[in-house]
Amino acid sequence: MMWSNFFLQEEDRRRREAAGRRRARGQQQARPTPEREAKVKLGLLLSAVGAALSVLAVGTEFWVELNTYKANGSVVCDAAHLGLWKMCTRRLWQAAVPAGRDTCGPEQLPGEANCTYFKFFTTGENAHIFQRTTKKEVNLAAAVIAVLGLAVMALGCLCIIMVLSKGAEFLLRVGAICFGLSGLLLLVSLEVFRHSVQALLQRVSPGPPPAPALTYEYSWSLGCGVGAGLALLLAGGCFLLLTLPPWPWGSICPKLGHRAP
């Protein structure tokens with residue numbers, strides 16, 4: 001009886017040791033190789049650039065500038081700039097406007113400014129800019145799509161961080177899809193915002209005073225949004241390439257050392 005217990009304990013110890021070695025080998029295999037980890041970190045750096053640009057674009061209001069003409073018989077002229085969340089109207093001195101410019105601006109000039117958040121986020125009312133009315137449905141759609149893009153981008157960042165910290169390789173493809181989708185959503189938000197600007201220019205109030213003639217130009221916030229969307233799409237493509245098996249590329253592009261003499 002004593003010998004049987006001894007053999008059972010010895011067999012149990014060996015099984016535990018074997019299971020520990022298998023678990024250690026599994027954890028070692030789950031960790032990405034240094035070369036692969038460097039590629040993942042490079043893709044994460046690219047996605048971080050896209051994330052910074054997207055947050056800067058969505059959080060600022062310099063998407064489009066609306067400018068009146070200087071020839072209005074006054075010493076001041078009006079300009080405005082707006083984004084997804086708020087608009088700022090500015091009253092500038094015409095003497096400070098560059099001589100070769102027919103319209104009021106640029107918005108960097110010193111002047112009297114008045115910034116307000118859009119009321120359609122709280123009370124559902126349209127905004128009025130230079131006797132023109134916004135189309136709140138289109139503006140709300142652009143803002144919601146941009147926020148969804150940021151949320152999906154944050155999920156992609158979390159997936160890639162889990163790949164680097166925990167070795168969860170299966171999340172690499174999920175992160176690639178998230179970054180690609182977030183970049184696409186940001187670009188769609190920019191296009192919807194462009195339609196909201198066109199709708200604003202066309203919705204002229206019929207009552208007095210008459211609506212002034214306007215020109216518009218897209219500003220640096222929208223440029224940051226375009227750059228963010230492209231960077232996130234590129235990062236998603238890079239992560240997706242890392243999930244592909246290596247053998248198709250090895251057969252298409254064989255190494256020089258493996259070529260037949």
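How many salt bridges does the count come to in the protein? In this predicted model, the count comes to 5 salt bridges, and three of the pairs are described below alongside the overall fold, the empty spaces and a surface patch.

## Overall fold

The protein has 6 helices and 7 strands, and, read from the N terminus, its elements follow the order α-α-β-β-β-β-β-β-α-α-β-α-α. Of its 261 residues, 38% count as buried.

Helix H3, which covers residues 136-166, contains 31 residues, and the distance from its first C-alpha to its last is 45 Å, close to the 45 Å expected at 1.5 Å a residue. After H3 comes Gly167, a residue with a positive phi near 70°.

## Salt bridges

Side chains of opposite charge can pair when their charged atoms come close. Two of the pairs described here lie within a single helix. In helix H2, Lys39 and Glu35 are 4 residues apart, about one turn of the helix, and their side chains meet in a salt bridge with an N to O distance of 3.8 Å. Lys39 is partly exposed, with a relative accessible area of 43%, whereas Glu35, at 57%, is exposed because its value lies over 50%. In helix H4, Glu191 and Arg194 are 3 residues apart, again about one turn of the helix, and the closest N and O atoms of their salt bridge are 2.7 Å apart. Glu191 counts as partly exposed at 36% relative accessibility, and Arg194 is likewise partly exposed, with a relative accessible area of 32%.

A further salt bridge joins the side chains of Arg101 and Glu217, at 3.0 Å from N to O. Arg101 belongs to the loop between E3 and E4 while Glu217 belongs to strand E7 (residues 214-218), so this pair ties together parts that are 116 residues apart in sequence. Arg101 has a relative accessible area of 19% and counts as buried because this value is under 20%, whereas Glu217 is partly exposed, with a relative accessible area of 36%.

## The loop between E3 and E4

Ala95 also lies in the loop between strand E3 (86-93) and strand E4 (111-117). Is Ala95 buried or exposed? With a relative accessible area of 79%, Ala95 is exposed, because the value is over 50%. Ala95 and Val75 are separated by 20 residues in sequence, and their C-alpha atoms are 7.4 Å apart in space.

## Pocket and cavity

Rolling a probe the size of a water molecule over the atoms shows where empty space is left. The largest pocket holds about 190 Å³ of space, and its lining is made up of Thr33, Glu35, Arg36, Lys39, Leu241, Leu242 and Leu244. Helix H2 (34-59) and H5 each supply at least two residues of this lining, with the largest share, 3 residues, coming from H2. The lining thus includes Glu35 and Lys39, the two residues that meet in the salt bridge within H2.

The count of cavities of 30 Å³ or more comes to 1, and the largest cavity contains about 30 Å³ of space. Which residues line the largest cavity? The lining consists of Ser54, Ala57, Val58, Trp63, Ala146, Leu186, Leu190 and Gly225. H2 and H4 each contribute at least two residues to the lining of the largest cavity, and H2 gives the most, with 3 residues.

## A nonpolar surface patch

On the surface, a nonpolar patch is formed by Leu181, Leu184, Val188, Val226, Leu230 and Leu233, which together have about 460 Å² of accessible area. Helix H4 (171-202) and helix H5 (220-243) each supply at least two residues of the nonpolar patch.

One of the patch residues, Leu233, is found in helix H5. Leu233 is partly exposed, with a relative accessible area of 33%, and this value meets the accessibility condition for the patch because residues there must have over 30% relative accessible area.

Technical notes: Residues numbered from 1 in each chain as written. Predicted model: local features only at pLDDT ≥ 70, side-chain atom pairs only at ≥ 80, totals over all residues. Heavy atoms only, no water. Patch = residues over 30% accessible without salt bridge, like charges linked within 9 Å, V, L, I, M, F, W, Y side chains within 5 Å. Areas by Shrake-Rupley, 256 points an atom, 1.4 Å probe, with all protein chains shown as cover. Salt bridge = Lys/Arg side-chain N within 4 Å of Asp/Glu carboxyl O. Buried < 20%, exposed > 50% of the residue type's maximum accessible area, 1.4 Å probe, protein only. Expected span 1.5 Å × (residues − 1). 1 Å grid on protein atoms, 1.4 Å probe; cavity = no way out; pocket = protein on both sides within 12 Å on 5 of 7 lines; lining within 4 Å. Points joined across faces, edges and corners; volume = space filled by probe spheres on them.
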